[in-house]
Amino acid sequence: MVCWLLASTANAEVEVRDFDSLTERERYRALIEELRCPQCQNQNLAASDAPIAQDLRAEVLRLLREGRSDREIIDHLVARYGDFVRYRPAWQPSTYLLWGAPGLLLLVAAGAWLWVLRRQRRQRIELGPEQRATLDRLLDDERQQR
Amino acid sequence: MERLKLFVPLLIFLVLALVLYFGLGRDPRALPSALVDRPLPPFSLPVLEGDAVVDESLLHGKVRLLNVWGTWCVACRDEHPFLLELANRGVAIVGLNYKDDPDAARAWLARLGDPFEAVVVDAAGRYGLELGVYGAPETYVVDADGVIRYRHVGVIDADVWRDRIEPVYRSWVIPQ
């Protein structure tokens, strides 16, 4: 079981890299975790052993060493491979619905809940004094019959 | 009104079924190219035959196909006869020999026939990264101004050509 767990989180990244600094290593790791492999679709660059993923990892490192920012590197790849390579979709018109849907659904659910509550409150019947007296009498009768 | 409410679950089901049905017909592997309607990225690469180094102006002047292939790519072999047929019909095709051994590529063309007007060699795959190539074969329709108009990932056969690529190709051919 433990072996299986370890295996499932293993990275396919096989290259040995020398990093100039810890921050460079951390940024590289974060980028290849976040970018998606265009060939194998359900894996990120870090997890994929497809040749294209190897090439893209090398490209990410090359861009890092050129002194590009994380954002520039992601934009560079998006310009060539499309929005598809992001695992975290950008905030843009085509993704407004995607990002907004959870909040929207929450609002709808809250609205529905309030509506149900209100309806229940309206259905609560207030008894007049006469009705109350009738009710008391009925209940008393029942008690006496027992 | 209360009666109508009974139909709400059915309605939800129908909408969901419709959405899922159309989702079934979509190919999840087909990525829209980020480069469609953008100029071909500039390059300066050697050709397969001879010592010349060419740039993107090689693809200017008329509509062409840019076909990404390699001898290591099994699907490219399936595609090859159809490329030869297209070349026979007068479609101009430029090859991009992607991450391949030039000698093997020359031997392949000598044995199987050469459908290409010219073959550009991208041995390291650097230009492939510029194009957003993630597999082979891939084929781009490039118009006379060197602008990418369509991208097809995968093998071109008669059906793919007729249904998807030819209409785009024809629409960019400038009437003489």
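At what angle do helix α2 (residues 22-34) of chain A and helix α3 (residues 51-65) of chain A pack, and how far apart are their axes? I opened my notebook with this, keeping in mind throughout that the model is a predicted one.

**Entry 1: two helices of chain A**

I looked up the pair and found that α2(A) and α3(A) pack at an angle of about 140 degrees, while their axes lie 10 Å apart. I therefore put α2(A) down as oblique to α3(A), since an angle counts as roughly antiparallel when it is over 145 degrees. I also noted that the crossing in which α2(A) passes α3(A) is right-handed. On the α2(A) side I listed Glu24(A), Arg27(A), Tyr28(A), Leu31(A) and Ile32(A) as making the contact, and on the α3(A) side Arg57(A), Val60(A), Leu61(A) and Leu64(A). When I sorted the residues of this contact by class, I had six nonpolar and three charged, with no polar residue among them.

**Entry 2: chain A as a whole**

I then turned to the whole of chain A, whose secondary structure comes to six helices and zero strands, so that I could write its pattern along the sequence as α-α-α-α-α-α. I checked its spread as well: chain A has a radius of gyration of 31 Å, whereas a compact globule of 146 residues would have one near 15 Å. The C-alpha trace of chain A spans about 90 × 45 × 30 Å along its principal axes.

**Entry 3: where the chains touch**

Which elements of chain A each supply at least two residues of the side that touches chain B? I first recorded that the contact takes twelve residues from chain A and eleven residues from chain B. On the side of chain A that touches chain B, I found that α3 and α4 (70-81) of chain A each supply at least two residues, and that the largest share, four residues, comes from α4(A). By class I wrote this side of chain A down as six nonpolar, three polar and three charged residues.

**Entry 4: chain B and its sheet**

For chain B I noted six helices and seven strands, which follow one another along the sequence as α-α-β-β-β-α-β-α-β-α-β-β-α. Its radius of gyration is 21 Å, well over the 16 Å that the globule rule gives for 176 residues, so I recorded chain B as more spread out than a compact globule. The C-alpha trace of chain B spans about 80 × 40 × 30 Å along its principal axes.

Five strands of chain B form an open sheet, which I read in the order β5-β4-β3-β6-β7 and with mixed pairing. I marked β5 (118-122) and β7 (148-153) of chain B as the edges, because each has a single partner strand and one side of each is left without a neighbour in the sheet. From one strand to the next, the twist averages 20 degrees. I followed one pairing in detail: strand β4 (residues 93-98) of chain B pairs with β5(B) in the parallel sense over five bridges, and Leu96(B) stands opposite Val120(B) in β5(B).

**Entry 5: two backbone details in chain B**

Which residues of chain B does a cis peptide bond join? I found it between Ala136(B) and Pro137(B), with omega at about 0 degrees, and I placed Pro137(B) in the loop between α5 (126-131) and β6 (138-142) of chain B. My last note concerns Asp37(B), a residue other than glycine whose phi is positive, near 70 degrees; I located Asp37(B) in the loop between α2 (8-24) and β1 (44-46) of chain B.

Terms used: Residues numbered from 1 in each chain as written. Chains lettered and ligands numbered in written order. Predicted model: local features only at pLDDT ≥ 70, side-chain atom pairs only at ≥ 80, totals over all residues. Pairing = 2+ DSSP bridges. Axes fitted to C-alpha atoms, helices over the stretch in contact; angles between N-to-C directions. Parallel < 35°, antiparallel > 145°, perpendicular 65-115°, else oblique. Left-handed = near helix turned anticlockwise from the far one by under 90°. Contact = placed C-beta atoms within 7 Å. Nonpolar A, V, L, I, M, F, W, Y, C, P; charged D, E, K, R; others polar. Rg over C-alpha atoms; globule rule 2.2 N^0.38 Å.
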